[in-house]
Amino acid sequence: MTEPVLNVEGLRTHFFTDAGEIPAVDDVSFYINEGEVLGIVGESGCGKSVTSLSVMGLVPNPPGKIIGGTIDFRHSGGKVEDLRRVSGRRMRQIRGNQMAMIFQEPMTSLDPLYKIGYQITEGLRRHTKMNKKEAHRKAVDMLKIVGIPRAEQVATEYPHQLSGGMRQRVMIAMAMACDPELLIADEPTTALDVTIQAQILELMKKLNKEKGTALMLITHDLGVVAEMCDRVVVMYAGKVVEEGDVRTILKHPKHPYTQGLIRSLPKMSEREERLYSIPGTVPKPGSIKDGCRFAARCPHTFDRCVEETPELLPLAEGHACRCFLYDSLEGGGAHDRSTTAEGH
Ligand SMILES: Nc1ncnc2c1ncn2[C@@H]1O[C@H](COP(=O)(O)OP(=O)(O)OP(=O)(O)O)[C@@H](O)[C@H]1O
Ligand SMILES: [Mg+2]
């Protein structure tokens with residue numbers, strides 16, 4: 001049986017601002033198995049980045065704070081550590097070593113003042129016992145692996161001398177240099193043009209396959225999810241609303257929100273005149289106290305949806321959904337478990 005590399009339970013990350021307490025991540029649970037690619041999807045503001053920052057121990061504090069839950073990280077030797085309980089020093093050790101990350105904008109992680117080669121070498125030297133020469137050789141190898149032409153030359157250049165796509169490759173080389181067990185990528189290709197985007201995704205997939213690195217891929221693009229992921233977690237306004245394997249989620253989505261997201265994907269085969277988009281916007285976290293957070297935008301809303309808060313309930317093995325349409329308490333009648341919200 002594969003065990004999860006990462007097991008997050010009941011994560012709550014709130015921001016304490018002048019305007020009040022914002023529950024950006026509100027009781028979120030998910031896991032990533034060894035070698036697996038987990039997609040986290042949802043519209044802007046639903047809490048994807050705050051979830052990944054929480055896992056990495058990088059929530060800006062103040063104003064943010066993790067106020068609940070556990071973040072169990074399993075090392076390759078089998079030892080499990082709750083990342084919420086480890087010291088800052090230990091967290092820095094884990095980050096960039098067993099756990100690495102790639103952000104949307106590579107310039108936020110690359111230092112403009114240092115040469116590319118030096119930056120990768122420094123990371124390696126911090127986290128491994130390599131000497132300068134070995135680390136340099138490994139850095140150049142990594143640049144080659146991520147498809148950077150003239151790797152020796154590029155190692156002697158500064159970040160601003162590279163294109164966006166090349167910088168993102170450097171980021172991946174840096175992230176993968178220490179053979180992490182888990183790679184967290186937050187919208188890693190959104191800033192790149194489509195061809196480069198495809199190349200970078202392919203590269204991450206290849207590293208995942210060849211090295212068995214588990215990948216947590218954050219994206220708002222379901223096309224990327226279809227290409228890359230094994231399982232998907234759909235977030236809405238700080239909560240998980242549906243989760244399952246990628247085929248189930250894309251072919252038989254149950255939550256009206258997931259259905260809306262899929263309906264808004266451009267389809268080559270269908271001659272839809274205008275692209276569908278879910279009406280309305282994501283509510284501000286914390287603005288809805290009772291009821292389903294999607295109720296105001298949902299085509300299937302009924303009384304209960306605005307009165308009670310739905311739970312995330314299992315529908316089948318590995319598939320769960322937070323929606324009263326599938327709540328057995330309704331007893332099949334008007335809100336049949338299997339069919340009501342399907343067919344979009
Ligand atoms: N520094 C902050 N101060 C206050 N609130 C914040 C801060 N960062 C995030 N939030 C709150 O957390 C919510 C979730 O933000 P998050 O960045 O996780 O969204 P996201 O799903 O990553 O969106 P996007 O797709 O735009 O990247 C936001 O709606 C915002 O209210
Ligand atoms: Mg984000």
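Reader: What makes the approach of the Lys-48 side chain to ligand 1 a polar contact?

Author: In this predicted model, where local features need pLDDT of at least 70, side-chain atom pairs count only at pLDDT 80 or more, and totals for chains, interfaces and linings use all residues, an N or O atom of that side chain is 2.8 Å from an oxygen atom of ligand 1. A polar contact is a pair of N or O atoms within 3.5 Å, so the pair qualifies. A polar side-chain atom of Ser-49 also lies 2.8 Å from a ligand oxygen, while a polar backbone atom of Val-50 is 2.9 Å from an oxygen of ligand 1. Residues are numbered from 1 along each chain as written, chains are lettered from A and ligands numbered from 1 in written order, and side-chain values use heavy atoms, without hydrogens or water.

Reader: How much of the ligand does the protein cover, and how is that known?

Author: The protein covers 67% of the 640 Å² of accessible area that ligand 1 has on its own, by the Shrake-Rupley method with a 1.4 Å probe.

Reader: Why are S2 and S5 said to stand at the edges of the sheet?

Author: The open sheet has four strands in the order S2-S1-S4-S5, with antiparallel pairing, strands being DSSP runs of E of at least two residues. S2 and S5 (80–82) each have a single partner strand, so one side of each lacks a neighbour in the sheet.

Reader: What makes S4 and S5 a pair?

Author: Three bridges join S4 (residues 64–74) to S5, and pairing requires at least two DSSP bridges, so the two strands pair. Arg-74 stands opposite Val-80 in S5.

Notes
Polar contact = N/O pair within 3.5 Å; in protein donor to acceptor, adjacent residues only side chain to side chain.
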